[in-house]
Amino acid sequence: MKTLWQHCHVASMAQGAYSIIEDAAIVTSGALIEWIGPRDQVPAGDYAELHDLAGAWVTPGLIDCHTHTVFGGNRSGEFEQRLQGVSYAEIAAAGGGIASTVRATRAASEDELFDSARKRLKSLLRDGVTSVEIKSGYGLDLASERKILRVVRRLGAELPVSVRSTCLAAHALPPEYAERADDYIEHICAEMLPALAAEGLVDAVDAFCEYLAFSPEQVERVFIAAQKLGLPVKLHAEQLSSLHGSSLAARYHALSADHLEFMTEEDAIAMAKAGTVAVLLPGAFYFLRETQLPPMDALRKHGVKIAVASDLNPGTSPALSLRLMLNMACTCFRMTPEEALAGVTLHAATALGMERTHGSLEVGKVADFVAWQIDRPADLAYWLGGDLEKRVVRHGVEVDL
């Protein structure tokens with residue numbers, strides 16, 4: 001069954017640029033795009049459905065390629081404390097920080113985690129998101145990591161969104177492994193990853209390479225274990241210091257290295273050669289009042305693909321709007337609106353290993369797109385928040401948000 005979507009303008013994002021088609025039409029067949037081009041060249045034929053998009057601008061469905069959507073508890077109280085002068089170290093010493101989220105997540109039932117995560121994910125969907133990556137990492141033991149990843153799979157099954165599941169067990173050191181980081185890494189490699197992968201709960205493996213988390217040597221052990229299981233890797237790298245984690249990620253042909261405020265030009269060269277995507281997270285940069293900018297010139301100079309994501313999490317980026325991240329990427333990191341839109345479409349798809357099927361509007365790709373009632377594509381990065389009028393199509397079917 002074929003459907004014709006017409007009377008629109010298209011920013012297809014092919015090759016990571018607007019690639020505009022004025023007065024366009026799209027033909028979908030089932031879940032796929034069968035034809036796209038100028039409306040006066042639409043192939044003749046019988047169409048089961050005809051949709052008038054009323055002059056909308058059509059873009060690929062947005063892709064949020066870095067989130068921590070599933071967690072228990074709420075840390076807005078800590079946010080208030082920090083603004084009143086209490087340091088992060090003092091909060092952590094009192095049992096706050098990531099430890100408080102781990103406790104709350106471990107204590108929550110699967111249904112409780114699902115219900116809270118569903119609310120957050122629906123906020124992203126109302127922003128035009130049709131694909132999302134969700135990480136574990138707030139369980140830090142096998143049972144709790146399994147619980148989080150089961151919720152991730154359930155979200156993808158019950159909501160109109162494509163979900164990629166990432167195991168981030170190497171996120172922080174759990175209390176029961178205090179002062180025994182190497183032992184915890186061994187537990188991840190020998191027990192957690194094999195068990196979770198065998199249950200079909202993992203699409204990729206991530207780690208946090210930082211002086212307050214895990215060393216490059218420890219992360220490399222996780223990468224080796226992931227590769228033995230046939231799982232692609234990703235990495236939180238260079239957020240707070242330069243450990244050349246992004247170069248390590250490149251050596252293992254990671255899908256992406258994320259944050260990257262302290263990366264070097266040497267790291268950018270390594271990522272470019274490996275095809276590893278740079279995922280920038282302006283929400284965390286803003287929320288932490290960071291001043292060290294990612295090396296944008298080096299990333300552009302060496303042709304590293306740049307994605308943008310929300311980093312939705314309870315501690316450093318409680319961001320419920322990917323469109324707001326577009327504006328932050330432009331204002332904080334001096335990206336252009338075109339670069340930012342590529343960062344939440346084609347380059348975000350590449351960061352998830354989905355670029356052959358998602359991220360741009362091209363024949364043979366999945367028919368995920370948004371018809372926005374806006375004046376030009378730059379409006380998506382221009383407006384601060386709000387609910388822009390739109391129609392969302394996923395797998396060739398309009399979604400009721």
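# Pockets and annotated sites

Leaving aside its neighbours within four places in sequence, Asp311 is in contact with His66, Thr67, His68, His259, Leu281, Ala284, Thr316 and Ser317. The model in which these contacts are found is a predicted one. Asp311 sits in the loop that runs between strand E12 and helix H12, and with a relative accessible area of 2% this residue counts as buried. One of its links to His68 is made through the side chains, which are joined by a polar contact of 3.2 Å.

Asp311 also belongs to an annotated set, since an unreviewed UniProt entry gives the feature "binding site" at His66, His68, His236 and Asp311. These residues span 246 residues in sequence, but no two of their C-alpha atoms are more than 12.4 Å apart, and they therefore gather at one spot. Three members of the set, His68, His236 and Asp311, are part of the lining of the largest pocket.

His236 is placed in strand E9, which covers residues 234–237, and its relative accessibility of 3% makes it a buried residue. When residues up to four places away in sequence are not counted, His236 touches His66, His68, Lys135, Leu168, Asp206, Ala207, Phe208, Cys209, Asp258 and His259. The side chain of His236 is joined to that of His68 by a polar contact of 3.5 Å. His68 thus has a polar side-chain contact with His236 and another with Asp311.

## The open and closed spaces

The table sets out the volume and the lining classes of the two pockets and the cavity.

| Space | Volume | Lining residues by class |
|---|---|---|
| Largest pocket | about 980 Å³ | 17 nonpolar, ten polar, five charged |
| Second largest pocket | about 220 Å³ | nine nonpolar, no polar, three charged |
| Largest cavity | about 30 Å³ | four nonpolar, one polar, two charged |

The largest pocket has 32 lining residues, and those that lie nearest its centre are Arg75, Tyr88, Leu212, Leu288 and Thr316. At least two lining residues come from each of the helices H1 (76–83), H2 (88–93), H3 (98–107) and H10 (282–287), with H1 giving the largest share, three residues.

Around the second largest pocket stand Ile98, Ala99, Val102, Arg103, Arg106, Leu140, Ala172, Leu173, Pro174, Pro175, Ala178 and Glu179. The structure holds one cavity of 30 Å³ or more, and the lining of the largest cavity consists of Gln239, Leu240, Glu261, Ala284, Phe285, Leu288 and Glu290. Leu288 therefore appears twice in this account, as a lining residue of the largest cavity and as one of the residues nearest the centre of the largest pocket, where a lining residue is one with an atom within 4 Å of a point of the space.

## A second annotated set

Under the feature "binding site", again in an unreviewed entry, UniProt also lists Tyr138, Asn313 and Gly315. Although these residues span 178 residues in sequence, no two of their C-alpha atoms are more than 11.3 Å apart, so they gather at one spot. The lining of the largest pocket takes in Tyr138, Asn313 and Gly315.

Tyr138 is found in the loop between strand E6 (129–135) and helix H5 (142–158), and its relative accessible area of 3% marks it as buried. Beyond its neighbours within four places in sequence, Tyr138 is in contact with residues including His68, from the other annotated set, as well as Ile98, Thr101, Val102, Thr105 and Asn313. Gly315 lies in the loop between strand E12 (306–308) and helix H12 (322–333) and is likewise buried, with a relative accessible area of 9%. Outside its neighbours within four places in sequence, Gly315 has contacts with Arg75, Arg82 and Phe287.

## Helix H3 and Gln218

Thr101, Val102 and Thr105, which Tyr138 contacts, are buried residues of H3, as is Ser100. Among the elements that cover the buried residues of H3 are H1, helix H4 (110–125) and H5.

Gln218 lies in helix H7, residues 216–228, and is counted as buried at 11% relative accessibility. Apart from neighbours within four places in sequence, its contacts are with Ala181, Asp182 and Ile185, and a polar contact of 2.9 Å connects the side chains of Gln218 and Asp182.

How values were computed: Residues numbered from 1 in each chain as written. Predicted model: local features only at pLDDT ≥ 70, side-chain atom pairs only at ≥ 80, totals over all residues. Heavy atoms only, no water. 1 Å grid on protein atoms, 1.4 Å probe; cavity = no way out; pocket = protein on both sides within 12 Å on 5 of 7 lines; lining within 4 Å. Points joined across faces, edges and corners; volume = space filled by probe spheres on them. Helix = DSSP H or I, 4+ residues; strand = E, 2+ residues; numbered from the N terminus. Nonpolar A, V, L, I, M, F, W, Y, C, P; charged D, E, K, R; others polar. UniProt positions renumbered as here; feature names shortened; annotations may be inferred. Buried < 20%, exposed > 50% of the residue type's maximum accessible area, 1.4 Å probe, protein only. Contact = heavy atoms within 4.5 Å. Polar contact = N/O pair within 3.5 Å; in protein donor to acceptor, adjacent residues only side chain to side chain.
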